[in-house]
Amino acid sequence: MDLIDALRTNLWFFVSTLGLLGLLVGSFLNVVIYRLPKMMEADWKQQCVEYLHPEQAETQANSPKYNLVSPRSACPSCGHQITAIENIPVLSYVVLGGKCSACKAPIGVRYPVVEAITGILTALLAWKFGFGAQAFAAIVLVWAMIALTFIDADTTLLPDDITLPLLWLGLIVNVPGTFTTLPSAVFGAVGGYLALWLVYWVFKLTTGKEGMGYGDFKLLSAIGAWLGWQMLGQVILLSAAVGAVVGIVGILLYGREKGAKIPFGPYLAAAGVIALVWGAEINRWYWSLGRS
């Protein structure tokens, strides 16, 4: 009880505690980002085997478990299992010099980056909303957004295992009006899906190509469920602007082909986080321009 009271009454203690929790969760998100796409691929293969070669299905099903908790994390170069002391967020990477303690193979900088981003954003949300339901709900949303951002960047996939529960959770969170009213959340979910669905079909009928995937529809639908339909325009415009800038920079600096696939999920997620934290202020500023 004393701890809860301290978290409630001391903002900086609350912010620092949640920031440390964010670092730990960031370490787990690294596992999700790496393993979930592989788990999805294994599941697809299993389904294909069951359909095309049912006699091999039992053998395939008896393969070693691979999920978010098993097997233990290990160095991909030498198989050295990561110990608890080697798994301290950010600090372990610095102490180890970014290398495996056994074989000295380099460890990707992605790991401490994800941990640091998660810790910083978690602390920011704790500071923004203070102790209460808004802060804890917002933190869960942002943790999911971080995982989706890096998974989409790596694989151009936005897993239903994250987007669909996130959509339903957004509606549940807004039953008491945590971020918006329930009707606004429902219309946000419907509007978010339909907005990109219409863009998809207009683009496909016009060019004969697919401009985005259905995972993007579901992600914007989830954002709409959390923040309400009033934020959809802001999220779409901001994500499109950031995506366009990044795409142009990629072409100019790195020689990326103009027709190359650019995952849209990271920009939607970034825009959703911005709208979550500063959306009301941005909307007020925008409408004030019309009155001036």
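## Aromatic pairs, a helix contact and a buried loop residue

In this predicted model, Tyr193, Tyr200, Trp201, Tyr214 and Phe217 are joined into a cluster by ring pairs. The count of aromatic pairs comes to 11, and two of them are set out in the table below.

| Pair | Centre to centre | Angle between the planes | Class |
|---|---|---|---|
| Phe179 and Trp226 | 6.1 Å | 45° | tilted |
| Tyr193 and Phe217 | 5.5 Å | 85° | edge-to-face |

Phe179 is placed in the loop between helix H7 (160–173) and helix H8 (182–207), while Trp226 belongs to helix H9, so this pair ties together parts of the chain that are 47 residues apart in sequence. Phe179 and Trp226 are both buried. With Tyr193 in helix H8 and Phe217 in helix H9, the edge-to-face pair ties together parts that are 24 residues apart in sequence. The two partners of this pair can also be described by their exposure: Tyr193 is partly exposed, with a relative accessible area of 27%, whereas Phe217 is buried, at a relative accessible area of 0%.

Beyond helix H9 (214–227), the loop that leads to helix H10 (232–254) contains Met231. The relative accessibility of Met231 is 14%, and because buried means under 20% relative accessible area, this residue counts as buried. When neighbours within four places in sequence are left aside, Met231 is in contact with Ala275, Gly279, Ala280 and Asn283. As for Ala126, which lies 105 residues from Met231 along the chain, the C-alpha atoms of these two residues are separated by 21 Å.

The N-terminal helices provide a further packing arrangement, and two packed helices are described by the angle between their axes and the distance between the axes. Helix H1 (residues 2–9) packs with helix H2 (residues 11–52) at an angle of about 105°, and their axes are 5 Å apart. Angles of 65 to 115 degrees count as roughly perpendicular, and H1 and H2 are therefore roughly perpendicular to each other. On the H1 side, the residues that meet H2 are Leu3, Ala6, Leu7 and Thr9, and their counterparts in H2 are Leu11, Phe13, Phe14 and Thr17. Sorted by class, this contact of H1 with H2 has 6 nonpolar and 2 polar residues, with no charged residues.

How values were computed. Residues numbered from 1 in each chain as written. Predicted model: local features only at pLDDT ≥ 70, side-chain atom pairs only at ≥ 80, totals over all residues. Heavy atoms only, no water. Axes fitted to C-alpha atoms, helices over the stretch in contact; angles between N-to-C directions. Helix = DSSP H or I, 4+ residues; strand = E, 2+ residues; numbered from the N terminus. Parallel < 35°, antiparallel > 145°, perpendicular 65-115°, else oblique. Contact = heavy atoms within 4.5 Å. Nonpolar A, V, L, I, M, F, W, Y, C, P; charged D, E, K, R; others polar. Buried < 20%, exposed > 50% of the residue type's maximum accessible area, 1.4 Å probe, protein only. Phe/Tyr/Trp six-rings, centres within 6.5 Å; stacked < 30°, edge-to-face > 60°.
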